[in-house]
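Q: I am new to this structure. Please take a close look at its aromatic side chains, then at what lies around them.
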Amino acid sequence: MERPLTTPAPASAEGARAYLDLLAREASALEFEGPVLQARAAGADAATLEELEQAKVAALRVRAMLRRRARREAELSALFDTAGDLAGLRDLDAVLEAIVHRARQLLGTDIAYLTLNDPERGDTYMRVTDGSISADFRRLRLALGAGLGGLVAQTGTPYNTADYFADPRFRHTTTIDGAVHEEGLVAILGVPLRLGARVIGVLFAANRGARPFAQEEVALLCSLAAHAAVAIDTARLLQETRAALAELSGANAVISAHSQAIERAADAHDRMTGLVLRGGGVEDVAAVVTEVLGGRLTVLDDESRPLVGETRELDAGVFDAARSSRALGRTVKRADAYVASVDVGAAPLCTLVLRTDRPVSDTDQRILERAALVTALLLLFRRSVAEAEGRVRGELLDDLVSRPELRGLRDRARRLGVDLGAPHVLVVARHDGQRERAAFWASSQAALAHGLAAARGDEVVLLLPGDRPGPLARRVAAELTASLGRPATAGAAPAAGPVGPVCEQGAVQSGGQRGEQGGEQGGEQGGEQGGERSGERSGGPVTSVAAAYAEARRCAGALVALGRTGDGASAEELGFVGLLVGERREVAGFLSGALGPVLDYDARRGTALVTTLNAYFGTGGSLSRTAEALHIHVNTVTQRLDRVGQLLGVDWQEPDHALEIQLALRLHRLRTHMPDV
């Protein structure tokens, strides 16, 4: 407590005013000797000097009291500011640095610093310093009980020393003493940082010269240490709260993402299930996948050919990923592609390749796997339907070829969407192996074209709508070759509608047979009428499927014999060979193909190119003898033959072409005398 002021002896008014002025301007203690010295110099008496001396002492006591109150006010202000910093705590390091800096300022020491206990290592380490000049000192760690700081951290009691190195109360170590010596510290004060009964660290104030620490300074540093402990605990709680919030936020994000993924998966599942129930196809499933997952989707069949998506060649890594996916039963990632593949009986059925720039989560990968399964089911269903329909179509075509007398053939065809009353072409395609694939291809083509297909050994038979056998045979040969990866040769024959003389009751009979039956029942006239009625019902005399099948087979065999494997043609397109393999012996067609342009030219211009050709081939190709036989000049023969070359092609004298022309010339002469040929 402040001691009460003693009443000074009366002093002159001038002396009192002088000391009041000194107090007002916060003069130094030395300046308070001025009035006494001035009075002594002026020759004041002893009583006056005594009075001034007492006034000086009283003024100095007032000065000391005012200084203590100012100091206390500064300390309280610092503590208040520290409390404000704690209230607005944002950065623990900034708060601790402010506390250490204020401790150094308030105690007027050369350095202040703070250490924290390390429970894992069982020591205390330097956390914050202010005024330090030694790097080793800033990295110092103190064992509990060692040095002044270690003792404070161990006991939780404030300690101070005016001369650290001369103080025997502390256990000195080389490491600690070396760091303290390098920093140049002599006087040290340390107070504990407490959280309840637990000591978490020590707050220090130190001088580089000897000085004692007053109790007020110890109390002040203890107050700052209490604030530091609160700041550390608050920061710890705040950090834990932030960590918990971050963890909760992360968990919420994960849960939200997982929930969204589940919703996407459920939505995709419902949509794909609905597609299957509504009869959707592979393209519809692919559209759902790309809408839900984004990116670009390619669907490959069992031969790794694209059913949906890009048609460019896929890299080997995709096929390796497909094999891995089938083995693992999971989606496999390769570069920017996610691959899900499904097999049946160790044979690949379909593969889905999703290319995207963003990562695909595990849940979204399950969507891709489910889409692969749905696609596989659709393909299996399609294959089963195609196989079943193919068997039905194949059985009908077999019956039309082998047993045309069966009843109900027309009705069976109508149920399959095949109009036997329309023009058709029968194609026989020979292939080498891969019978199942060839049969599946033929069945698919027949279903798409509303025709029939059957597999017979190493050949497939197709009855397709149309009236152009040659182009259809070439298309079948080319597409089947591409599907099998090896040559397929196709022969074709027209099968005009209705196919075969199929009567309304389903019995296949010729007009002659009906005529004979009519003759038996009612004589010759009845037979003629029966034949007429049969012709009316059947649509007139046409080539039966069996006859067309035989002609198409001979045509395919002729192509192979002529070295044209992998090609397709009709009998009409085989030249004179077609006369041998054709069922109808198409003389007119052969003549038109081999000699038609020349015949037409003679008919239009009234020329004698055919006569010239007969003479030319009859004389063994001699120009002069041809001229003699026709009684014309050799130049005229040459001009006529040049015209023939323009009409029939420059290769008309090549052996094969010349042979066909000579055969055509002979047939033309025969038809001149035998119109029925």
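Which residues form one aromatic cluster with Y159?

A: Y164, F165 and F170 join Y159 in one aromatic cluster. The model is predicted, so local features need pLDDT of at least 70 and side-chain atom pairs count only at pLDDT 80 or more, while totals for chains, interfaces and linings use all residues. Residues are numbered from 1 along each chain as its sequence is written, and side-chain values use heavy atoms, with hydrogens and water left out.

Start with the ring pairs. The structure holds 8 aromatic pairs. Rings of Phe, Tyr and Trp (its six-membered ring) pair if their centres lie within 6.5 Å; planes under 30 degrees apart count as stacked, over 60 as edge-to-face and the rest as tilted.

One of these pairs is Y616 with W652. This pair is tilted, at 6.0 Å centre to centre and 50° between the planes. Y616 sits in helix α19 (residues 609–618), and W652 in the loop between α21 (634–648) and α22 (655–673), so the pair ties together parts 36 residues apart in sequence. Helices here are DSSP runs (H or I, at least four residues), and strands are too (E, at least two); both are numbered from the N terminus.

W652 also pairs with F617. Here the rings are edge-to-face, with 6.3 Å centre to centre and 85° between the planes. F617 lies in α19 and W652 in the loop between α21 and α22, so this pair links parts 35 residues apart in sequence.

Y616 and W652 are both buried. W652 has a relative accessible area of 3%. Buried means under 20% relative accessible area, exposed over 50%, partly exposed in between (1.4 Å probe, protein chains only).

A charge meets a ring elsewhere. R456 lies over the face of Y549, at 5.1 Å from the ring centre. The rule asks for NZ of Lys or CZ of Arg within 6 Å of the ring centre and within 35 degrees of the ring normal.

Now the nonpolar cores. A core is a set of buried Ala, Val, Leu, Ile, Met, Phe, Trp, Tyr and Cys residues joined through side-chain atoms within 4.5 Å. The largest has 30 residues, and L297, L352 and L368 have the most contacts inside it. Helix α11 (362–402) is among its suppliers. α11 gives the most, with 8 residues. Another core, of 28 residues, lies apart from it and includes L96, A103, V128 and A187.
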